[in-house]
Amino acid sequence: IINKTNHNPFYLMQYIKLLNDLGLLIQKGSYYEIKDEQKVLRALEQIPDTIEKLLKQRWDNYIKKSNAVESLLLLSAIHLWEYLLEEDLKSLNIDMDIVYKLQQAGFISINDKYHLKNFSFHHDMIEKFFIGENSSFASLAAHKAIEFNIIPAIENPFFLFDSAIAIIESISPTIEVNPPKK
């Protein structure tokens, strides 16, 4: 597996998660056991040749079992605002079950800083994958936020990326976002 994943730790981790997604591994605490060695060996022969293809295969498996629309909204909002707090999830009407499924799948991380849970991408390659998969990815959350009149970062525009500012202003020209000058 290490050779097939070019000794890339992130690629290796994602491949192991794919094997787990496919039901070929059993998680036992902090490690995995192989259920069927022959099936794992056959799966090894079909390792996607890029991390993007591997993430695509994992995402396709995930959406077969989960709410793709709500999951994409959450991922889009994390991309747009860099991270979300629990109150932001409530404002966007995102079910915590989706959050935990995305965390379990390894797409997002849940951190607890100063007794505030925040949600972010597990790795920048995962965020890049979703941006590459959907050209209007970031606007999904911006549309929803404007629909419900909830743009969490507008009150503190320092946290908005330049691309997020452009998206919000293009969707709703009545909102002006002027980040602090650097």
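This section describes the overall architecture, helix packing, principal pocket and selected residues of a predicted model.

The chain comprises 9 helices and 5 strands. Read from the N terminus, its elements follow the order α-β-β-α-α-α-β-α-α-β-β-α-α-α. Of the 182 residues of the chain, 39% are classed as buried. Contacts between residues at least 6 apart in sequence were also examined, and 58% of these join residues at least 24 apart.

Two helix pairs that share α3 were analysed. In the pairing of α3 with α4, the axes lie 9 Å apart and the packing angle is about 125°. This angle falls outside the range of 65 to 115 degrees and is not over 145, so α3 is oblique to α4. On the α3 side, the contact is formed by Trp 59, Tyr 62 and Ile 63, and on the α4 side by Ala 68, Ser 71, Leu 72 and Leu 75. The composition of this contact is 6 nonpolar residues and 1 polar residue, with no charged residues.

The second pairing joins α3 to helix α7, which spans residues 124-133. Here the axes approach within 10 Å and cross at roughly 80°. Because angles of 65 to 115 degrees are classed as roughly perpendicular, α3 and α7 are assigned to that class. The residues of α3 that take part are Ile 51, Glu 52, Leu 55, Lys 56 and Trp 59, and they meet Met 125, Ile 126, Phe 129, Phe 130 and Glu 133 of α7. By class, the contact of α3 with α7 contains 7 nonpolar and 3 charged residues but no polar residues. Trp 59 thus appears in the contact of α3 with α4 and also in the contact of α3 with α7.

The largest pocket of the model has a volume of about 380 Å³. Its lining consists of 13 residues, of which Asn 20, Asp 21, Lys 101, Gln 104 and Ala 105 are the closest to the pocket centre. The elements that provide two or more lining residues are α1 (9-21), α3 (51-65) and α6 (96-104). Among the contributing elements, α3 gives the most, with 4 residues. In terms of residue class, the lining is made up of 5 charged, 5 polar and 3 nonpolar residues. Helix α3 therefore serves as a common element of the description, since α3 contributes to the pocket lining and is roughly perpendicular to α7.

Attention then turned to the segment before α1. Thr 5 is located in this segment and is buried, its relative accessible area being 0%. When neighbours within four places in sequence are set aside, Thr 5 is in contact with Tyr 11, Leu 12 and Tyr 15. Asn 6 is likewise placed in the segment before α1. With a relative accessibility of 56%, Asn 6 is classed as exposed, because the cut-off for that class is over 50%. His 7, also in the segment before α1, is exposed as well, with a relative accessible area of 58%.

The backbone of Asn 6 and His 7 was examined further. Most residues other than glycine have a negative phi. Asn 6, by contrast, has a positive phi near 55° and is not a glycine. His 7, which is not a glycine either, has a positive phi of about 60°.

Two further residues were considered for their accessibility and for their relation to parts of the chain distant in sequence. Trp 81 belongs to helix α4, which covers residues 68-81. At 4% relative accessibility, Trp 81 is buried, the limit for this class being under 20%. The C-alpha atom of Trp 81 is separated by 9.4 Å from that of Ser 120, although their positions lie 39 residues apart along the chain as counted by sequence separation.

Gln 103 lies in helix α6. At 35% relative accessibility, Gln 103 is partly exposed. Apart from residues up to four places away in sequence, Gln 103 touches Ile 108 and Ile 110. The C-alpha atoms of Gln 103 and His 122 are separated by 8.1 Å, and these two residues are 19 residues apart along the chain.

Note on methods
Residues numbered from 1 in each chain as written. Predicted model: local features only at pLDDT ≥ 70, side-chain atom pairs only at ≥ 80, totals over all residues. Heavy atoms only, no water. 1 Å grid on protein atoms, 1.4 Å probe; cavity = no way out; pocket = protein on both sides within 12 Å on 5 of 7 lines; lining within 4 Å. Points joined across faces, edges and corners; volume = space filled by probe spheres on them. Nonpolar A, V, L, I, M, F, W, Y, C, P; charged D, E, K, R; others polar. Buried < 20%, exposed > 50% of the residue type's maximum accessible area, 1.4 Å probe, protein only. Contact = heavy atoms within 4.5 Å. Axes fitted to C-alpha atoms, helices over the stretch in contact; angles between N-to-C directions. Parallel < 35°, antiparallel > 145°, perpendicular 65-115°, else oblique.
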